[in-house]
Structure formats: C-alpha cells, structure tokens
Amino acid sequence: MASCSIEDVLAKAERDEAEKIKSITVNKELDLEFDPGNMLAFDKNRIDTRDFKEKKREDFLRSLARDNTQLLINEIWKLPTERVEEVIVAKLPEPTTLLPREKPAPKPKPPTKWEQFAKLKGIQKKKKTNLVWDGVHKEWRRRWGYKRANDDTKEWLIEVPGNADPNEDQFAKRNKAKKERVAKNEFNRLKNIARSQKIKVPGMGLAPTPQQSKAELAQAVSVAKRSTASVGKFQENLPKEKTPRNTGKKRKFQPLIGDFGSEKQKQLDLLKLMDSKKPRLDITKAANKQMREEDMESAKKSKNGFGKKGRRGNMSGKGKGNAGGKGKGPKGKGRKPQMKRGKH
C-alpha cells in the first residue's frame, strides 16, 4: 500500500509538472503570424468541428483564446527588454498591419489670420513660463487664472486719468472693457472656424450692398415684418410677395433612446384609433371651418364689389327703377305713384 501510494504521488507530481510545461508551450500545426507592434496574432489553423461539438462551445473558445494569447506573449518576450522604474518592459517595433479606421483621418486645420501673418513676417512663438514674479506679494505666482500675479482686478483704488470724467466709475469701465475684449476674441474664434470650413461669414445684421439680390431683398422684408411687437402675425403681404421658406412649424422627433413606455402607449393608441369604428374626422370642427371659410369668402366678395361704378344694383339710391333709395322690385309693387304733368 505504501509503495502504491508513493508511486501515485510521483505520477501525480509528474502530471502536474507536465501541466505546467504545457501551460507555457503550445503546439500548432501552422505557426501563427504575429504583429507585435499592434499586439496581434493571426491563427490560420483549421478548427476541428468534432472537438467544437463534443466540448462546450465556451470552453473550446476559452481554450483556443488562451493558447493563442500564450503564443503572443511568448513572441513579445522575445523582443529586446529594458528596466523602467524597477519594471521590465519590452520594446515594441513599428506596427506592420494597417488597421481600418471607423472615420476618415482628420484633415489638418487651416491656419488662422494671425498664423498666416506670423509665418509671413517670420514671427516665432515663444513658450512662456507658467510662473512669474509678483512684486506686490513678493512671491512667484501663476501667469493666468486664479491668484495670478499682478492681478489688477483686486485693486481697491484706481487712479482717474487727467482727461477722463471725474464722475465716471473706473471699475465699471474696466469691467466693460474686459467683457468687450472677451466678446471680440470669441467672435474672432467663430470667424476662424467658419473660414476653416469655407463658410461665407455674413456681416452684422443685414449690411447694405450696392446691388442686392432677390433673395436678400426677401430676407430684408421678412426681417422687417418680424420686427413688430406681434412678430409679423398681423402684417399683410406685399403684392406678388411669396411666402418665405422655412418659416413654418418645425417637426419634433422623439429621441431614439429614452422612455419606451410612452412610445409603447402612443403605438397602442394609434392601433386603437385605427381599429375603432368612429370616424377619425371631427364633424363639428370640419363644419365650423367650412362655415368660417364661406363667411370670409362672402366678405371678400362684398368688399371687392362695393364702390365700383358702372354696375347696376350695387349702388344704393342709384340705378334704374329705384325710387326713394329702395331696391328694385317687381312692377307695381314697392313704388309710389308718380304724377305726370300735362296740358290743361
């Protein structure tokens, strides 16, 4: 029994040792192709469908991934190594496989006006240090930002210039000048972006031009209409004026990702409406709309017909067969008897 147990222990130790060696060494029919620069390994060996079906799919794929990863790590450690902060690292070579991009490579940004001017004049950008000496506090401070050096906004007293109004608030004047500088820089930044994307930058508002096109005139008219208190709601159109484009209501689309409960309820309401036997048309609303259109049409006709000469029956008190300002009626009715003068 003792001899058997010793033999079993030795056999188990040999199997464990073989298992350890197997975990480092992987044998393949075809050698893998490696790209250490991208840390890629290409396995062109054929997959045994019998092993794939007999074993569990996850276990088979896990074993295959483990073997290929081990081969890739072995290939990486064949590269030259160095020690960086008590850690041994491998020097990866340049990648040889061109990986596809999801989006095209970004194009270089076109130079701004200042960059073009600096290149023309040979001005080179000098890198400034982040810390400067503050003579007031006698210490090194940041050049910009919070607690910066020589911060003039923290002054409690400002000297009034000799040519300035003595009653003018110098603190408010300085704050206003700073806001103007910030707005100017932002405007220039937006102009640079528009110029880089080759977008025509319009002037401030509607700048007059010597020869305005038809579209510019239409835009000027539309802006003038919307400048009223009612935003042009009660402004009448000019003769032969076309309705400007993109002035209607904008369509609102539901987000692609969000509350799916409301979307489900809308679909159910739509199916319920399609399945119901009630008419989708609101009869009362349609009848009121038709009556309103007829009233507007009749009022328009009466407005166009009033005051025109040369038509009979339109002017009250004038016209053939009308007496005393009354309308035309059948013969013998609605008339006063008339006396004819004759010879006596």
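**Confidence, a hairpin and aromatic pairs in a predicted model**

The model is predicted, and the protein chain averages a pLDDT of 79, with 81% of the residues scoring at least 70.

Visitor: Over which residues does pLDDT stay under 50?
Guide: Where pLDDT is low, the predicted coordinates should not be read in detail. One stretch has seven contacts beyond four places in sequence in the model. The pLDDT stays under 50 there, over residues 313-334.

Visitor: In which sense do strands β5 and β6 pair, parallel or antiparallel?
Guide: β5 covers residues 131-134 and β6 covers residues 139-142. L131 has R142 in β6 as its bridge partner. Over four bridges, the sense of the pairing is antiparallel.

Visitor: Which residue in the turn between β5 and β6 has a positive phi?
Guide: The two strands form a hairpin, with four residues between them. The residue in that turn with a phi of about 55° is K138.

Visitor: Is the pair of W114 and F117 stacked, edge-to-face or tilted?
Guide: A search of the whole structure finds two aromatic pairs. In the pair of W114 and F117, the ring centres are 5.8 Å apart and the planes are at 35°. Planes under 30 degrees apart count as stacked and those over 60 as edge-to-face. The angle of 35° falls under neither heading, so the pair is tilted.

Visitor: Why are W114 and F117 separated by about one helical turn?
Guide: Both residues belong to helix α4, residues 113-121. The separation is about one helical turn because, along this helix, W114 and F117 are three residues apart.

Visitor: Which aromatic pair is edge-to-face?
Guide: In this pair the rings are 5.5 Å apart, centre to centre, with 70° between the planes. The angle is over 60 degrees, so the pair counts as edge-to-face. The residues are W133 and W140.

Visitor: Is W140 buried, partly exposed or exposed?
Guide: W133 has a relative accessible area of 43%, so W133 is partly exposed. For W140 the value is 57%. Exposed means over 50%, so W140 is exposed.

Visitor: Over the ring of which residue does the charged end of R143 sit?
Guide: The charged end lies 5.6 Å from the centre of the ring. That ring belongs to W144.

Visitor: What is the phi of V231?
Guide: V231 lies in the loop between α6 (214-226) and α7 (260-275). With 56% relative accessibility, V231 counts as exposed. V231 is not a glycine, yet its phi is positive, at about 55°.

Key. Residues numbered from 1 in each chain as written. Predicted model: local features only at pLDDT ≥ 70, side-chain atom pairs only at ≥ 80, totals over all residues. Heavy atoms only, no water. pLDDT = per-residue confidence, 0-100. Contact = heavy atoms within 4.5 Å. Pairing = 2+ DSSP bridges. Phe/Tyr/Trp six-rings, centres within 6.5 Å; stacked < 30°, edge-to-face > 60°. Buried < 20%, exposed > 50% of the residue type's maximum accessible area, 1.4 Å probe, protein only. Lys NZ or Arg CZ within 6 Å of the ring centre and 35° of its normal.
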